[in-house]
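Welcome, and please open your viewer. This tour suggests what to select next and tells you what is there.

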Amino acid sequence: MDKVDRSLPHGTVTAPLSHETNPGSGQGPRTGTRILVVGGGYVGLYTALCLQRKLKGGEAEITVVTPDPYMTYQPFLPEAAAGSISPRHVVVPLRRLLDRCRIVIGEATAVNHAERTATVTTLAGPEDGTGATEIPYDELVLAPGSVSRTLPIPGLAEYGIGFKSIEEAIGLRNHVIEQMDIASSTRDPAVRDAALTFVFVGGGYAGVEALAELEDMARYASRYYHNVDRDDMSWILVEAADRILPEVGHEMGQYAIRELRNRNIDVRLETRLDSCDHRVAVLSDGARFPNRTLVWTAGVKPNPVLAASDLPLDARGRLRCTAQLTVEGTAHAWAAGDAAAVPDLTSDEPGRETAPNAQHAVRQAKVLAENIVASLHGRPLRNYAHAYAGSVASLGLHKGVAHIYGRKVKGYPAWFMHRAYHLSRIPTFNRKAKVLAEWTLAGLFKREIVSLGSLEHPRAEFEWAAGGDRPQRD
């Protein structure tokens, strides 16, 4: 486990900022400026990385507060779930990459920008009794990302499975294979049918790619079961809108639907999940599906720390930002990515904002970092403007759709473009090489179909051996 920095005890009183300088004043950089980056995702990682490269030693102290000691490259979660990529190659260790930054593993729970402090709960809090920590700063970068947006649907909290983290992706892979094991060994037809029914709610990137990759993996694995056939499994995609994958356009979205339905995947548009109580998915069209797997990917919402700040928010709970990636009407506060409502200067539509995706987040982080450096050196800030290049989506091995610079691509070429693009985007040469090596080896050898569900409860077997109850898997 990573060591947690305990140098700021609970109740720290922050000293007045003695080196305030207005951006654009023409004065020199502020010596030892304290820059706090909240979030270790795309924006947090790339902003801190750019800052540590551009700022000389002594100019700034960069602190990154993040719940995990790594950045997850989320576009590769479906492939990790399918076993095409090792889980450790989907994450980037922050301490190794941000070697000139101070990494604090913890959760930012509140921001008081008027006092220039952020309240952070670290792993050490429950152990040493210090509670929350207040971290003072001069410049704030808020990039906590988003969290799953859930609805008050009966049974969702009890039985739903998310798909935003590497832990959830690997847990889902183990779970799917375990359901096939249950179906293979049970004599109860109802239990067998429920185990082989997989319901995915949400027709965006996460839902469609996760379903497509896992169905591909399960179909391959079924050849090694003597009594589970690919046609025994039921895969259902539930989407409230009238199309899926809106980012790739209507035509490619329709192609994706046809491709999924040709694989006997039940795609239900303009349909909602009304209940999943007692492991029965009840849909708005009246259909009922007893199941043991319900994956919820129906949207995200801003991180709760935004609401616990004194910074201006829009109607959707995101930070109101300028094109220079400053928080609107607020000095020394910056934001980008999912947490920020950034105007899209390349759009002809008034009031349009940039899409909350990795394509914008990585580019915004670079501009944000450059603007912070410009601010510290008294130089003018520049606007963020990037025309949307398009989207790519995987529909399983050797299948995909893409809409790039107005050109529509489908099938194997789109799948290849999907892999090539994301291979170029994942940080560090180390990760690129390892992912490419895994893809190459996967083309030469058979897929792994092993479930390691016990990893989620590593002490269960020992507790049973020591006299506890026999461990039960969900």
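## First stop: helix H9 and the loop after it

Select asparagine 264, which comes after H9 and has a positive phi, near 65°. This is a predicted model, so the positions you see come from a predictor. Most residues other than glycine have a negative phi. Asparagine 264 is not a glycine, yet its phi is about 65°. The residue sits in the loop that links helix H9 (249–262) with strand S13 (265–268). Is asparagine 264 buried or exposed? With a relative accessible area of 58%, asparagine 264 is exposed.

Now select H9 itself. Its 14 residues, at 1.5 Å a residue, should span 20 Å, and the C-alpha atoms at its ends are indeed 20 Å apart. Colour the buried residues of H9: they are Gly249, Met252, Gly253, Tyr255, Ala256, Ile257, Glu259 and Leu260. What covers them? The cover includes H8, S13, strand S12 (234–238), strand S23 (400–404) and strand S24 (407–410).

## Second stop: another positive phi

Go on to histidine 278, in the loop between strand S14 (273–275) and strand S15 (280–283). Histidine 278 is also a residue other than glycine with a positive phi, here near 55°. Its relative accessibility is 64%, so histidine 278 counts as exposed.

## Third stop: helix H8 and its partner

Select helix H8 (residues 205–221) and find glutamate 213 within it. Glutamate 213 has a relative accessible area of 2%, so it is buried. Which residues does glutamate 213 touch, leaving aside its neighbours within four places in sequence? They are Pro78, Glu79, Ala82, Ser394, Gly396, Leu397 and Arg447.

Keep H8 on screen and add helix H6 (residues 166–185). Two packed helices are described by the angle between their axes and the distance between the axes. For H6 and H8, the angle is about 35° and the axes are 11 Å apart. Their crossing is right-handed. On the H6 side, the contact is made by Leu172, Arg173, Val176, Ile177 and Met180, and on the H8 side by Leu214, Met217, Ala218 and Ala221.

## Fourth stop: serine 391

Move to strand S22 (residues 390–394) and pick serine 391. A relative accessible area of 3% makes serine 391 buried. Beyond its neighbours within four places in sequence, serine 391 is in contact with Tyr205, Glu247, Val248, Val401, Ala402, His403 and Ile404. If you would like to try the distance tool, choose serine 391 and valine 147: they are 244 residues apart in sequence, and their C-alpha atoms are 22 Å apart in space.

## Fifth stop: helix H1

Now select helix H1 (residues 42–54). H1 has 13 residues, which at 1.5 Å a residue should span 18 Å, and its end C-alpha atoms agree at 18 Å apart. How many of its residues are buried? The count is 11 of 13, so H1 is mostly covered. The buried residues are Tyr42, Val43, Gly44, Leu45, Tyr46, Thr47, Ala48, Leu49, Cys50, Leu51 and Gln52.

Add helix H10 (residues 358–376), whose axis comes within 8 Å of the axis of H1, with a crossing of roughly 35°. This crossing of H1 and H10 is right-handed. Show the side chains where they meet: Tyr42, Val43, Tyr46, Thr47, Cys50, Leu51 and Lys54 in H1 face a set in H10 that includes Ala358, Ala361, Val362, Ala365 and Leu368.

## Sixth stop: the cysteines

Stay with cysteine 50, which is buried at a relative accessible area of 12%. How many disulfides are there, taking a pair of cysteine sulfur atoms within 2.5 Å as the rule? The count comes to zero disulfides. Cysteine 50 is in none, and the nearest cysteine sulfur, belonging to cysteine 101, is 11 Å away. Next select cysteine 321, whose closest cysteine sulfur, in cysteine 50, is 18 Å from its own, too far for a bond. Cysteine 321 counts as buried too, at 5% relative accessibility.

## Last stop: confidence

Finally, colour the chain by pLDDT. The protein chain averages 88, and 91% of the residues score at least 70. Over residues 1–30, pLDDT stays under 50, and the model has 57 contacts beyond four places in sequence for that stretch. Where pLDDT is low, the predicted coordinates should not be read in detail.

How values were computed:
Residues are numbered from 1 along each chain as its sequence is written. This is a predicted model: local features need pLDDT of at least 70, side-chain atom pairs count only at pLDDT 80 or more; totals for chains, interfaces and linings use all residues. Side-chain values use heavy atoms; hydrogens and water are left out. Helices (H or I, at least four residues) and strands (E, at least two) are DSSP runs, numbered from the N terminus. The expected span of a helix is 1.5 Å times one less than its number of residues. Buried means under 20% relative accessible area, exposed over 50%, partly exposed in between (1.4 Å probe, protein chains only). A disulfide is a pair of cysteine sulfur atoms within 2.5 Å. pLDDT is the predictor's confidence in each residue, from 0 to 100. Contact means heavy atoms within 4.5 Å. Axes are lines fitted to C-alpha atoms, for helices over the stretch in contact, and angles run from 0 to 180 degrees between N-to-C directions. A crossing is left-handed if the near helix is turned anticlockwise from the far one by less than a right angle, and right-handed if clockwise.
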